[in-house]
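Q: Please take a close look with me at one part of this model: the way its helices pack. From there, please lead me on to the empty spaces and the unusual spots in the backbone.

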Amino acid sequence: MEQDRLGELSDSNLECAIVSVLLCTTGSQKEMIDRYQIKPEHFHCMPLPRIIELMQGSEEGNVSFYTLSLRIPEHKDLITKLIGLGGAARINFKSVVQSLIDLYKRRLVQEFLRVYGLRMWETEVTASEMLQQMNRDFTEITKNQTLTNMQSSTVVSEQILADLNTIPEISSVGIEVFDRAMGGGLYRGKAYAVAARKKTGKTILAATISSNLNEAGKKHLFIAAEMSSKEIHQRVIARHINKNTIAFISREKGNETFKAQVMGYKDAGNVLYADEAGIKFKRLKEVVSAAIYKHNIEGFILDYFQLVGGSGREGLTSHYDEVAQWIATFCRENNVWALVMAQMNQTDNIRGGEGIRLAFDQVYELKRCGNEEEGYSNNGFWIDQMDTRYTPWCKMGDEKIASLIMEMTGPHFRDNNYNQFHNEY
């Protein structure tokens, strides 16, 4: 590869990582390039600008290794290495593209200063004329190179009309009372949260929904930040073989009949577990980005929100606000959904502040039926719809009428047919 002429104002590793992601994407290379506003001139290291040009000019939206090896055969070995990087799976693609463009702009500024540094002693033009020319040139650079998300209402109207011809991607969670409140299920691009008091069933609900999505063929990531993936999946298997998860740690696990039942369970293979006890915020970004670019997931489940650690430099409220906003923004920008479990505090607010309620599209609270004075139901639960941004408010049970039942097989949650008998909005 050509030696970097501008040293610190270019980064060959960063540029290679971006091109590797584009080469290994399972979607359209051209759509990704347009979406992130990537241009050939943003790349400094040859032959990467040429590869981007070929991707942009492809009618099919993708350029294969075979096509690239024919068009730029002298760089066949490099292209092979880029594909071998596996799409640089652990990078945050948006972040590295922003770094790429920032370096490109810095090179423009450097070149601008170099040119006018050489012209400084040109006596045929006055200083005032030079300043005017510098202002015009710099304005032109700023106008052409500053990337914005601004677009006219006409363009937005055209996008809305075009969207009417696409079938929305909605993933049923397999629990009717939730599907109805969500408008059919989980929508790509949206963030959802279910909060609950400690030991109220957050992980059981997360595992139930994950299992339902798995059986429905919906590929997703489950970030196990508290319990291990083994413990969570034991509950899933126990549910399907009509057992309680205690069987996996009691003497029953040595029973041959039980072993045969476990062996007979056929997993659909649509869940990616990430064992990330006490996951840090930076690591969360890496794991989710990797799952999207390497495994093409539809969304991710995080169990649970308050376990996402920070750098320790900021207060907890500020940290949780940042994490919540990042999740919501990341979902929109990457067209995936997020289902986040969260913990309530003793004053019926989400522990750590209002970040989730402000940033997410829908927020629910999982509650036990009954009350503290009269005693709670052992297996009856209802849902309080705390916030919804795009659907009508609807009732999802109350203290006396359960909309969910916790079954001890697994354990797991099942729908209590609340919608069938109650039609309250």
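A: Here is a walk through the helix contacts, then the spaces, then the backbone.

The model is predicted, so local features need pLDDT of at least 70 and side-chain atom pairs count only at pLDDT 80 or more, while totals for chains, interfaces and linings use all residues. Residues are numbered from 1 along each chain as its sequence is written, and side-chain values use heavy atoms, with hydrogens and water left out.

Let's start with helix α1, residues 12-24. Helices here are DSSP runs (H or I, at least four residues), strands are runs of E (at least two), and both are numbered from the N terminus. One partner of α1 is helix α3, residues 48-56. Their axes come within 11 Å and cross at roughly 25° (axes are lines fitted to C-alpha atoms over the stretch in contact, with angles from 0 to 180 degrees between N-to-C directions). The two helices, α1 and α3, are therefore roughly parallel (under 35 degrees; over 145 is roughly antiparallel, 65 to 115 roughly perpendicular and the rest oblique). Their crossing is left-handed (the near helix is turned anticlockwise from the far one by less than a right angle; clockwise is right-handed). On the α1 side you will find E15, C16, V19, L22 and L23, which meet L48, I51, I52 and M55 of α3 (contact means heavy atoms within 4.5 Å). Sorted by type, the residues of this contact are eight nonpolar, no polar and one charged (Ala, Val, Leu, Ile, Met, Phe, Trp, Tyr, Cys and Pro are nonpolar, Asp, Glu, Lys and Arg charged, and the others, Gly among them, polar).

Helix α1 also packs on helix α6, residues 93-118. Here the angle is about 135° and the axes are 10 Å apart, so α1 and α6 are oblique to each other. The crossing of α1 and α6 is left-handed. L14, E15, I18, V21 and L22 of α1 make this contact with F93, V96, V97, S99, L100 and R107 of α6. The contact of α1 with α6 draws on eight nonpolar residues, one polar and two charged. If you are following in the viewer, E15 and L22 are worth picking out: they are listed in the contact with α3 and also in the contact with α6.

Further along the chain, α13 packs on helix α14, residues 316-334. The axes of α13 and α14 come within 11 Å and cross at roughly 10°, so these two helices are roughly parallel to each other. α13 passes α14 in a right-handed crossing. F281, L284, K285, V288, S289, I292 and Y293 of α13 meet H319, E322, V323, W326, F330 and N334 of α14. By type, the contact of α13 with α14 holds eight nonpolar, three polar and two charged residues.

N334 leads us on to the second largest pocket, where N334 lies nearest the centre together with G27, M32, R35 and N296. That pocket is lined by 18 residues. α2 (29-35) and α13 (281-295) are the elements that give two or more residues to its lining. The most comes from α2, with four residues. The lining of this pocket is made up of six nonpolar, seven polar and five charged residues. The pocket holds about 490 Å³ of space.

The model also has one cavity of 30 Å³ or more, with about 40 Å³ of space. (On a 1 Å grid over the protein atoms alone, a 1.4 Å probe fits in a cavity but cannot get out; a pocket is open, with protein on both sides within 12 Å along at least five of seven lines; lining residues have an atom within 4 Å of a point.) I204, A207, T208, S211, R235, V236, R239, P411 and H412 line the cavity. Two or more of these residues come from each of α10 (202-215) and α11 (229-240), and α10 gives the most, with four. The cavity lining divides into four nonpolar, three polar and two charged residues.

Last, the backbone. A cis peptide bond with omega of about 5° joins M46 and P47, and P47 sits in the loop between α2 and α3. Another cis bond, also with omega of about 5°, joins D303 and Y304; Y304 is in the loop between β6 (299-303) and α14. K199 has a positive phi, near 60°, although K199 is not a glycine. You will find K199 in the loop between β3 (191-196) and α10.

Technical notes
Grid points are joined across faces, edges and corners, and a volume is the space filled by probe spheres set on the points.
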